[in-house]
Amino acid sequence: MYIINYIKTVFSTVRSMLVGMRRTGYYFTHHKEIITEQYPDNRDTLKMADRFKGEVVMPHDEKNEHRCTGCTACELACPNGTIKVITKFDITPEGKKKKAIDKLVYHLELCTMCNLCIVACPSDAIKMAQTFEHSVFDRNELTKVLNNPGSKIMDGVE
Amino acid sequence: MYRTTEIISDGTKNPPLEGGEAGDFIINVGPQHPATHGVLHLVITLNGETIKKVEPHLGYIHRSIEKMCESLTYRQFIYVTSRMDYLSSHINNHACAMCVEKGMQIEVPARARVIRILMDELTRIASHELWLGAMAMDLGAFTPFFHTFREREMINEIMEDTCGARLTMNYMVPGGVMQDIHPDFQRKVKDFVKQFQRKIGEMDEIVTGNTIFQNRMKGVGIITREDAISFGCTGPVSRGSGVSSDTRKLFPYEGYENIEFDEVIETGCDSFARYMIRIREMQQSIRIIEQLIDNIPEGDFQAKTKAVLKLPKGDFFQRVETARGQFGVYIVSEGGTTPYRIKFRSPGFSNLSILDHIARGSKIGDLVAMMGTLDLVIPDIDR
Amino acid sequence: MFSLADISKTIDTWLRLHLNDTWTLVVEMVIAGVSVIGLFAVLGLVLVIMERKVSAWIQIRLGPNRVGPKGMFQSLADTVKLLVKEGLTPDGADKFLFNLAPLIAIVVAMLLMAPIAFAKNFQLWDMNIGVLYITAVSSIMVISVLMAGWASNNKYSLLGAMRSGAQIVSYELSAGLSIIAIVILTGSLSFNEIVQSQADGWWIFKGHIPVIIAFVIFIIAATAETNRAPFDLAEAESELTAGFHTEYSGMKFALFFLAEYVNVFIVCAIGATLFLGGWMPFHIGHWDAFNHVMDFIPSSMWFFGKTFFLIFLIMWFRWTFPRLRIDQLLNLEWKYLLPISMFNILLVTAMAILKWHF
Amino acid sequence: MTNEELKTTITGLLADASFEEGGEFLTVNVEAGAWKIFASHLRYDESLQFDFLTFCTGIDWKTHLTMVYHLDSYTYHHNIVVKVKLDAAKPEVETVSDIWQTANFHEREVYELFGVNFLHHPDLRLLILEDGWEGRNPLRKDFEDPVNMIKL
């Protein structure tokens, strides 16, 4: 009995090995199964998912106007202190003082892409961009000002 | 052997550990070691190849998330929990969201609940796929790692489409989910299910059926039923010892009670039983996904909630079943906008504590197999 | 027809024209030494890129594809990197032994090259005890591994070296026994005669099942002796980080690396010589036309083709199977391979006495 | 067992046990001195059999500390929360790591994060923090670390 078991073990072992080798051999000969993406080479054709959270940006229209009212909802929503809203007071044509943003400072190095600021924004002034190549040589470059210089708030956004 | 003994017995250079004897062969596995998948530090006392004692040293990646959460609001603290068990980040977020909902008594819309379950199960599959590859790599077979990553990549793409991130999604918010599912979601999930069912058989050929694999895992790391319960093991680790511990069945949440699936239980108590549990659990997850993917109810994906969440005074506990076991969130509230104290009951922490118990008397190679089937994720242990 | 033997003969006659016998011998030895080193370098480069490509294709990857066409020069770039890297010697290490170990590894690999018949009438040294010489010299390999593990003063290295010692010593038994199977059939220890005896058919075809069993055992034992997966316990990446060469870096590591691949080549060359007919072309009975076509392929091509087929087989093992545990490894040898090969020797002896083979 | 039945059984075991109302789980307040005996009752009593310690942790209430134990029973699938009030200056409680082995690690964690001294613990050493942190307990409310804590 021992001998029969012994021979059985040898054969089942060899069989299981061959089954595994058949599968790896299949992949060795079938190069169509390869799914590698050659990243820096396919940069032109690479399309990120449209909801991909790469960094926070503030879209401006062609008249260099944005939708940010400076309400600091994003600043409050942020868990890491990534966003800092610096406000100023504009003089409207009627001569009234109106609160507006001077700078919206965004620390990319602190951001965890949690999307809470985007959800919190009441006027849809900021959104997530799909860029992802954020490496820079100097850490200071990661601190960004989101509103363009000289930009104004869009008409009709309160 | 004189060098090794000399250094160990020399108290100034390398003091013997408590309970150690001069002449013990002590090896540091970790904090940087290929088998620990992170910064786990195990001090192993050896007698030849046989392990006499395993002593885990933790804290290399401890970020004190519990303390951090004390200064974050109930909306903000959820994203931090993705960084604990990063392989089942959805499920961690889910637990936190549910705990806040329990305190606030928010009714979650049916659509959001189904989306949450779908995401949970996809995460579970992704986590088990990674575990399968990593465990095969621990045992010395490099190929399955890449094969399992092919399927995991499909899940990651689904996550990327809907949640905007691949690993730390922060998709669950109190009251529902952050965004509605992507229009392609259902099609892609069905593609994935098809691909998964076509390819899971290959793992049987390369891994499960292989005699070397079976010999490496069978009879290794025996956890008896009593030990599994006493050491607080949950998830596949305890179910491999015949304990019915699936939180989805014991304390159903989020509508799991209405879904047909089997709790996978094996009675082998060894590494191979734990291995089979995870393989079969993936198939159960596929079963859940197949039931739900065509039946996502219409409606809101998020309940209307107040801008500022304030939990009433009291303590709230919510547990879920992650890929690694029972994950619990315990919030103590004083009525403010931030929690007074948060405790995360992480499955990896309890599962790790049994390692010393089961590793004694086995070989170094066995230790790797045991750590593989305990499925330790170090940030989950350290928090 | 391209033939290595012709080239060597031409060089020999030319040298004898211009120099006396002693100087001819000296110059020829230098040429042989340089060619062996050259072969080493080429083998290292080719086998590394081959391993990386094989593993990549098995793992549904592309593999190296940046340096040169299809990444063919990747291993060249790696060699340059290893050459310019600093070769550290740890503080607590036994410096002499630590630096000696990789040299021994590479010298042993070079010595093993001597009796191998690369092509028809092309052999460095046709000694009459070639097989014995190979089995004897290859045992020295374990000394270098033990030396490296011991001298590193690292616990991982020591464990790896001890494992390696246990492993190589035990697997040498069954490797030797399966080689003896062919020696019994041939009745000679000389590689040249072994190849000549296969002129009418390779041993694997005309030796029936016992020789096939011997061949399988030889391949398994050869994989184990060269410390390759599934028997890479001496390195055991996930257990002992890198085993006996944990502390090695730069060129010293490269020498171990090179020695590993050259050893793979050598055991596969021996396997090809003993079981697959060495440089003998593939002949079928009396199909003269077919046999003639086969003869037209240079004998060196046959030799390298067979060797690389076996190398591919060993690489295929490596990228399919998990590692064994140390006790299972020894079980496999002492409980399975050794009894089977001993029994097999009986069969082969009976076969040789009764002339059952073709 | 339902919460009501549990309540009666537990009152039978521990006469001066007080219950907290309103929570999801049945919550029992126990004195530090009575905890060990009560714990072994919870674990070994035939009708209770709380064999699974989900977690135990501490809460710093500034005036005092509270140990919270969440217990489950795999046999009867009921659960209970036990709270033990400790002195803030000298927090001490008996270990339960001999009853539930998992408490070994959990108590070591509480020991270093809250400074609770578990009497008769087999291996009460720092688990997460590095050497030299004895006596400084990061999860206490009064803990200050100007170097490692970043205030936003």
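**Helix 15 of chain C and two loop residues of chain D**

User: At which residue does the kink of about 35 degrees lie in helix 15 of chain C?

Analyst: This is a predicted model, in which local features need pLDDT of at least 70, side-chain atom pairs count only at pLDDT 80 or more, and totals for chains, interfaces and linings use all residues. Residues are numbered from 1 along each chain as its sequence is written, and chains are lettered from A and ligands numbered from 1 in the order in which they are written. The bend is the angle between axes fitted to the seven residues ending at a residue and the seven starting there. In helix 15 (helices are DSSP runs of H or I, at least four residues, numbered from the N terminus), the kink comes shortly before the proline Pro339(C), at Leu337(C).

User: How far apart are the end C-alpha atoms of helix 15 of chain C?

Analyst: Helix 15 of chain C covers residues 326-354, 29 residues. The expected span, 1.5 Å times one less than the number of residues, is 42 Å. The end C-alpha atoms agree with this, at 41 Å.

User: Which residue with a positive phi follows helix 15 of chain C?

Analyst: Most residues other than glycine have a negative phi. Just after helix 15 of chain C, a phi near 60 degrees belongs to Lys355(C).

User: Is Lys62(D) buried or exposed?

Analyst: Lys62(D) is in the loop between strand 3 and strand 4 (64-72) of chain D, and its phi is positive, about 70 degrees. Buried means 20 or more other C-beta atoms, placed from the backbone, within 10 Å of a residue's own, exposed 12 or fewer, and partly exposed in between. Because Lys62(D) has 9, it is exposed.
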